[in-house]
Each structure stands twice: as C-alpha cells, then as structure tokens.
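Thanks for coming. I will take you through one protein model, starting with its turn and then moving outwards. Please look at the screen.

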Amino acid sequence: MKDTCPECGGRNIHVASVVANEDWQEFLPNVGGMFNRPNLEANICADCGLYRLFVPMQHLNDIKNNYPQLGSPS
Ligand SMILES: [Zn+2]
C-alpha cells in the first residue's frame, strides 16, 4: 500500500511533486511528450526517510510499451 512505508511500516508518508526539467528525456525517454512531461510523485516517509518515486498513472501505458518487464524475455 502506498500509504504504508515498506521499510519501517510507518504511516507518516508525505507527498511531493518532482517536476521534470529540461533533462526530462534523459530519465524517461519515450514517456509522455513535449507537452505532457512525466512529472513524478515522491513519497517520503517522515519516520525513516525512505524516498520513493512514482510515475503517474497516466504514463504507465507508455512504461509498459517502452520498457521491458523484469524477468520477461524482450
Ligand atoms: Zn519508513
């Protein structure tokens, strides 16, 4: 569950938006587009400091179409 920290089990999760800059193509090429940059959602656990990044749901099809699934032949 996103509202529970997988590291410490804490529920003090805080949310921040990580805005893509001019280098956005470097970290997720083929996702989104010129006018639909894939900003990321950061979830930070205020109990242990774990920092997780999530790609927004609207971009997950691009991820499925452009990146191999772990453990599957490509
Ligand atoms: Zn934690």
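**The hairpin and its surroundings**

Strands β2 and β3 make a hairpin, with five residues between them. In that turn, G49 has a positive phi of about 90 degrees. A word on the source: this is a predicted model, where local features need pLDDT of at least 70, side-chain atom pairs count only at pLDDT 80 or more, and totals for chains, interfaces and linings use all residues. Residues are numbered from 1 along each chain as its sequence is written.

By strands and helices I mean DSSP runs, numbered from the N terminus: H or I of at least four residues for a helix, E of at least two for a strand. Two strands pair if DSSP finds at least two bridges between them.

So how are the two hairpin strands joined? Strand β2, residues 40-45, and strand β3, residues 51-54, run antiparallel and are joined by four bridges. One partnership to look for is E41 with F54 of β3.

On to strand β1, residues 13-18. It also pairs with β2 in the antiparallel sense, over six bridges. Here I13 has C45 of β2 as its bridge partner.

Put in sequence order, the protein chain reads β-α-β-β-α. That comes to two helices and three strands.

Next, P56, which sits in the loop between β3 and α2, residues 60-66. Is P56 buried or exposed? It counts as partly exposed, because it has 13 C-beta neighbours inside 10 Å. The cut-offs, with C-beta atoms placed from the backbone, are 20 or more others within 10 Å for buried, 12 or fewer for exposed, and partly exposed in between.

Leaving out residues up to four places away in sequence, P56 touches P38, N39 and E41. Contact here means C-beta atoms, placed from the backbone, within 7 Å. From P56 to P38 is 18 residues in sequence and 7.2 Å in space, C-alpha to C-alpha.

Finally, the whole protein chain. Of its 74 residues, 4% count as buried. Among contacts with a separation of 6 or more, 52% are between residues 24 or more positions apart.

Technical notes. Contact = placed C-beta atoms within 7 Å.
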